[in-house]
Amino acid sequence: MSQIGTEAHPLRVAVIGAGPTGFYAAEQLLGRKDLVVDVDMYDRLPTPYGLVRYGVAPDHQKIKSVTAVFDRTAAHPRFRFFGNVEYGRHLTLDDLTGHYHQLVFCTGAQTDRPLGVPGEDLAGSYPATEFVAWYNGHPDYTQHRFDLEQEVAAVVGVGNVAVDVARILLRSTDELARTDIADYALETLRESRVKEVHMLGRRGPAQAAFTNPEIQELAELPHADATALPDEVQLDELSQGVVERTRDHTTMKKVEILQGVAARAPQGKPRRLVLRFLVSPTELLGRNQHVHGMRLVRNRLEATSAGTLVARSTGEVEDLPAGLVFRSVGYRGVPLPGVPFNEKWGVILNDKGRVLDPETQEPRKGLYTAGWIKRGPSGVIGTNKPDAAETVANMRADLEQDLVLSPDHPQAEAVAALVRERQPHAFSYADWRTLNEIEVARGRAAGRPRVKFTRVEEMLAALGR
Amino acid sequence: MNIEHVLAQKGGQVYTARPDQTVREVLAQLAAHNIGALVVVDDRVRPLGIISERDIVRAAVRDEALFGRPVRQLMTRDLITAAPGDDLRVVAHTMTERRIRHLPVVVGDRLAGIVSIGDVVKAQRDQYEGEIDMLEARVATEHP
């Protein structure tokens, strides 16, 4: 049995990434009664919570209440937060392996998957994630500009991110003004001329990834009439078969909602949502380097040997005029310096959370991963809890085998001094609590959950630094 | 959740067999890697069939000379395969109903990985656990 993990020699762990997975991992590491663990959490942004702050939509505040759980973890006396400290920039892999017994990378999936069609980089065509980060006040995106002068927008994809983008475009400014949306985004959206949003799904209604509460909400917006084409929301025979075989009531309900939308008469609301299925863009059409539409091909469904349904082109095309395009067909992880990456799946090369050496396929001692950068983007926030638990269980098993790093400087103060030297503007959790109070107070005055700081300099100034 | 999210956390290595390898060699590989089946591939990594521990156990009962025979004589050729974007729920149903324990995953005509029923069940369990956790947290904040 290892000596590490005692009061005299605590197990020192660095968690890279302060999103939900980072907090779930920290919670499980700190929750062991029989083991003394120090957790230092790093994030390249000054603020914690990752996608809960910068991904979850501003009009979905209830989902953000999960941060109360994260705050409880952060209150543990052996937890420290170093915000505004970027792995690979302020601290290298060697720095961390010199100070910790174990590292766990929880950096999420930060880029969009490309559509892979000509014209996707035309002006006016944007990754949905950039729009999401922008309206949520992510410091890296405050300078982004989105051309909302266009009347018709197309959102490619039918996941919950696509639904968020469509909903934010279709909400009235009065509705958004009650949320914690970034102030600059609220001003831009106030001037928005977008009247019509088309959401495009490659497969049928039964295969759409959005969840029922999300699509129901989108279909009932106060200022937008939702429509769908009756023949596109019909349940084809193959989908009917799958839904019945798997007794998938959730999907049956989803199709019912969509058929209800198709049967509905417009109520004369100022904006319009058009839900489309069984169509794929084959090309974005440009004029003067700006997108002005897209060519769509109609698909039909085909069954695979595994019983799933895939989209096949029928060759039948149509052109959809749209001056604004958001691409939302999935996220992908970004490689981290010095950490083996699995290009095929866009994740850190790992076996159930243990980072592997690409040559030998054997675990790299002391290196672990959890969350979306481990398995790819899937599930809800809570899915990352069992995922992190699996990784932490393997960290624990390796510790029992003495398979941990032997850092030269295992003292908590040594790494804190190094961080101060490399990044004088690091943020502690106490700093965040102060910022949080100011944000909430600013919001209270305006009848909003909070008014976010969106620039790092602003945050520093608010702390008197 | 899709099949690719299961494959992404299983390392980069896919263990395979060649059709002319002997059953004895396959058994050694299954034991060495602690796995239950190997996909049999050609030299361009296109799947030709699959051979599982069950196939070997069943055949060994009636065939004393089994272990020296080439895999191609024993493997299942009628392959059911999945694609990375396939929905986990549907695949889980197919595996349960048809009593398949191992499913090769194919991109184009090349083998990209293999998922076991254990992988699929665990991924589904994690998904449901996560959803329940979120719902409980929400109820707790709304009705403290």
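**Exercise 1. Work out which pattern of helices and strands chain B follows along the sequence, and what its radius of gyration says about its spread.**

Step 1. Reading along the sequence of this predicted model, you get α-β-α-β-β-α-α-β-β-α for chain B. That comes to 5 helices and 5 strands.

Step 2. Now put the radius of gyration next to the globule rule: chain B has 18 Å, well over the 15 Å that the rule gives for 144 residues, so the chain is more spread out than a compact globule.

Step 3. Look at the extents too. The C-alpha trace of chain B spans about 70 × 35 × 25 Å along its principal axes.

Step 4. Check burial and contacts. In chain B, 35% of the 144 residues count as buried. Of the contacts between residues at least 6 apart in sequence, 60% join residues at least 24 apart.

**Exercise 2. Find which elements of chain B have the lowest and the highest mean pLDDT.**

Step 1. Start with the whole chain: the average pLDDT of chain B is 92, and 99% of its residues score at least 70.

Step 2. Go element by element. Helix H5 (residues 117-142) of chain B sits lowest with a mean of 87, while strand E2 (residues 37-41) of chain B is highest at 97.

Step 3. For the complex, the predictor gives an ipTM of 0.90 and a pTM of 0.95.

**Exercise 3. Trace the order of the 7 strands in the open sheet of chain A, and say which strands stand at its edges.**

Step 1. The order is E3-E2-E1-E4-E20-E19-E18 in chain A, with mixed pairing.

Step 2. Strands E3 (79-82) and E18 (350-351) of chain A each have a single partner strand, so one side of each is left without a neighbour in the sheet.

Step 3. Zoom in on one pair. E4 (residues 102-105) and E20 (residues 363-369) of chain A run parallel over 3 bridges, and Leu103(A) has Leu367(A) as its bridge partner in E20(A).

Step 4. Add the helix. H14 (residues 384-400) of chain A packs on the sheet, touching E1 (11-16), E4, E19 (354-356) and E20 of chain A, and its direction makes about 150° with that of E20(A).

**Exercise 4. Identify the residues with the most contacts inside the largest nonpolar core.**

Step 1. This core has 92 residues, and the ones to pick are Val15(A) and Ala25(A).

Step 2. List what Ala25(A) touches beyond four places in sequence: Val15(A), Val104(A), Cys106(A), Ala370(A), Ala388(A), Thr391(A) and Val392(A).

Step 3. Keep the second, separate core apart: 63 residues, including Leu176(A) and Phe277(A).

Technical notes. Residues are numbered from 1 along each chain as its sequence is written. Chains are lettered from A and ligands numbered from 1 in the order in which they are written. This is a predicted model: local features need pLDDT of at least 70, side-chain atom pairs count only at pLDDT 80 or more; totals for chains, interfaces and linings use all residues. pLDDT is the predictor's confidence in each residue, from 0 to 100. Helices (H or I, at least four residues) and strands (E, at least two) are DSSP runs, numbered from the N terminus. A nonpolar core is a set of buried Ala, Val, Leu, Ile, Met, Phe, Trp, Tyr and Cys residues joined through C-beta atoms within 7 Å. A residue is buried if 20 or more other C-beta atoms lie within 10 Å of its own, exposed if 12 or fewer, and partly exposed in between; C-beta atoms are placed from the backbone. Two residues are in contact if their C-beta atoms, placed from the backbone, lie within 7 Å. The radius of gyration is taken over C-alpha atoms; the globule rule is 2.2 Å times the number of residues to the power 0.38. Two strands pair if DSSP finds at least two bridges between them. Axes are lines fitted to C-alpha atoms, for helices over the stretch in contact, and angles run from 0 to 180 degrees between N-to-C directions.
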